[in-house]
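Notebook open, coffee poured. I want to go through the aromatic rings, the charged pairs and the empty spaces, in that order.

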Amino acid sequence: MTVLRKGYAQTCEQLIEEFTSKDQPTNPEKIEFSGIGNYDVYNISAPFDDCGELVIAGRVESRESEQSNVFFFVERNGKWVPRENAPVLDLQDPFFTIIAGDLVLGGVQIFPHSTLEGQLGWRTVFYKGQSIASLQQFAKGPDGMKDLRLVELKSGNIGVLTRPQGEKGGRGKIGWTKISSLEELTIDVINEAPLFENQFIDEQWGGANEPHLLTNGFVGVLGHIASFDEEGNRHYYPMVFVINPENGAFSEMELIATRNHFLPGPSKRKDLVDVVFSGGLVRKLDGTADLYAGISDAEAQKITIIDPFLRYER
């Protein structure tokens, strides 16, 4: 199947209108965490295997703060608890992939801004190891860039999804490049990655959250598209699109859920009520997939959807 570039940028409003005619998500479920006091857990990864045990990486922080840690959780009696003796990382918004047999885990590191007094800067940092216990930092992205993601391609090369902001990316646009090894993941390579043309309008933004290598060699991208309304409230929607890594062509985006498909719950702030932050997608043999997501910057939930990448593999 050929994946073609669209000739126009898509908006949140258009994607919502298209989405209302499709099969709706089912089985919303809150993911319960314990053993972390009164802290919230949100913006989680999908569960992944580590030494024969399923683990979820989750952002843990106080409702009144942006200072967070990443904990590794395992399921015990229906609740997810911190894994004994696992490291705790000073990061936000964890994600993972497997490259050359190694676990590669990343997240957003917060630090004092270099020029703006009293403000924070951020960057994406990467760790790798044979397991969680052996993770060591090996790379970092440019200051000011979130949503950096990696995927091992069928060719053995590594796809790199970027999201610059500012002069190059405005509020945030997605870029794509390829490298032959993790040693080539440098700040220059990341900064020079070309952007997908006409994917987002300038007033809105988006990013990649979790790339999947499909059976035909294409890359299915779980991501998000976001906007502000007139009152300054944020609206985040989980979306997907597909890349042909051979030529960089990409498909149109499509939404896979909205906030009202999840269960009601708390919000970190009033402007974050309508926020669904794509965490990870677990594709299943029955043609469905479980979407794990951070909800309203205050909790984590999952829903079941039709596998959005299946049709690109047929």
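Is W205 buried or exposed? I looked it up: W205 is buried, with a relative accessible area of 5%. This is a predicted model, so I keep that in mind for every entry here.

**Entry 1: rings around W205**

I searched for aromatic pairs and got 9 in the structure. I picked out W205 and F228, whose ring centres are 4.9 Å apart with planes at 50°, so I noted the pair as tilted. W205 sits in strand β14 and F228 in strand β15, so this pair ties together parts 23 residues apart in sequence. F228 comes out as partly exposed, at 35% relative accessibility.

I then checked W205 against Y236. Their ring centres lie 5.9 Å apart and the planes are at 80°; anything over 60 counts as edge-to-face, so that is what I wrote down for W205 and Y236. Again the pair links distant parts of the chain, with W205 in strand β14 and Y236 in strand β16, 31 residues apart. Y236 has 13% relative accessibility and counts as buried.

Elsewhere, I found F33, F71 and F73 forming one aromatic cluster.

**Entry 2: charges over rings**

Which residue lies over the face of F111? I found R123 there, at 3.8 Å from the ring centre. I also have K146 over the face of W122, at 5.1 Å from the ring centre. I marked K146 and W122 for later, as they come back with the pockets.

**Entry 3: salt bridges**

The search of the whole structure gave me 21 salt bridges. I followed up a few.

K128 bridges to E183, with the closest N and O atoms 4.0 Å apart. K128 is in strand β9 and E183 in the loop between β13 and α2, so the bridge ties together parts 55 residues apart in sequence. I get 25% relative accessibility for K128, which is partly exposed, and 62% for E183, which is exposed.

R311 and E254 make another salt bridge, with closest N and O atoms at 2.9 Å. R311 belongs to helix α3 and E254 to strand β18, so here the parts tied together are 57 residues apart in sequence. R311 is partly exposed at 38% relative accessible area, while E254 is buried at 12%.

I also looked at D271 and R269, whose side chains meet in a salt bridge of 2.9 Å, N to O. D271 counts as buried at 17% relative accessibility, and R269 is partly exposed at 36%. Which residues do salt bridges with shared partners join into one network? I listed R59, E61, E66, D93, R234, K268, R269 and D271.

**Entry 4: the largest pocket**

Next I went after empty space. The largest pocket holds about 730 Å³. I counted 25 lining residues, and the closest to the pocket centre are E66, W122, K146, R234 and Y236. Some of these are old acquaintances: Y236 pairs with W205, K146 lies over the face of W122, and E66 and R234 are in the salt-bridge network.

Strands β7, β9, β15, β16 and β19 each supply at least two residues of this lining. By class I get 10 nonpolar, 5 polar and 10 charged residues.

**Entry 5: the second largest pocket**

How much space lies in the second largest pocket? I noted about 370 Å³. It has 19 lining residues, with F96, E210, P211, H212 and L281 nearest its centre. β7, β11, β14 and β19 each give at least two residues to the lining, and the largest share, 5 residues, comes from β14. The lining divides into 12 nonpolar, 3 polar and 4 charged residues.

**Entry 6: the cavity**

Last, I looked for enclosed space. The whole structure gave me 1 cavity of 30 Å³ or more, and the largest cavity has a volume of about 50 Å³. Its lining is N43, I44, D93, P94, F95, R149, N209, F277, S278 and G279. β7 and β19 are the elements that give two or more residues to that lining. I sorted the lining into 4 nonpolar, 4 polar and 2 charged residues. One of the lining residues, D93, is a name I already had from the salt-bridge network.

How values were computed
Residues are numbered from 1 along each chain as its sequence is written. This is a predicted model: local features need pLDDT of at least 70, side-chain atom pairs count only at pLDDT 80 or more; totals for chains, interfaces and linings use all residues. Side-chain values use heavy atoms; hydrogens and water are left out. On a 1 Å grid over the protein atoms alone, a cavity is a set of points where a 1.4 Å probe fits but cannot get out, and a pocket is an open set with protein on both sides within 12 Å along at least five of seven lines; lining residues have an atom within 4 Å of a point. Grid points are joined across faces, edges and corners, and a volume is the space filled by probe spheres set on the points. Helices (H or I, at least four residues) and strands (E, at least two) are DSSP runs, numbered from the N terminus. Ala, Val, Leu, Ile, Met, Phe, Trp, Tyr, Cys and Pro count as nonpolar, Asp, Glu, Lys and Arg as charged, and the others, Gly among them, as polar. Rings of Phe, Tyr and Trp (its six-membered ring) pair if their centres lie within 6.5 Å; planes under 30 degrees apart count as stacked, over 60 as edge-to-face and the rest as tilted. Buried means under 20% relative accessible area, exposed over 50%, partly exposed in between (1.4 Å probe, protein chains only). A charge sits over a ring if NZ of Lys or CZ of Arg is within 6 Å of the ring centre and within 35 degrees of the ring normal.
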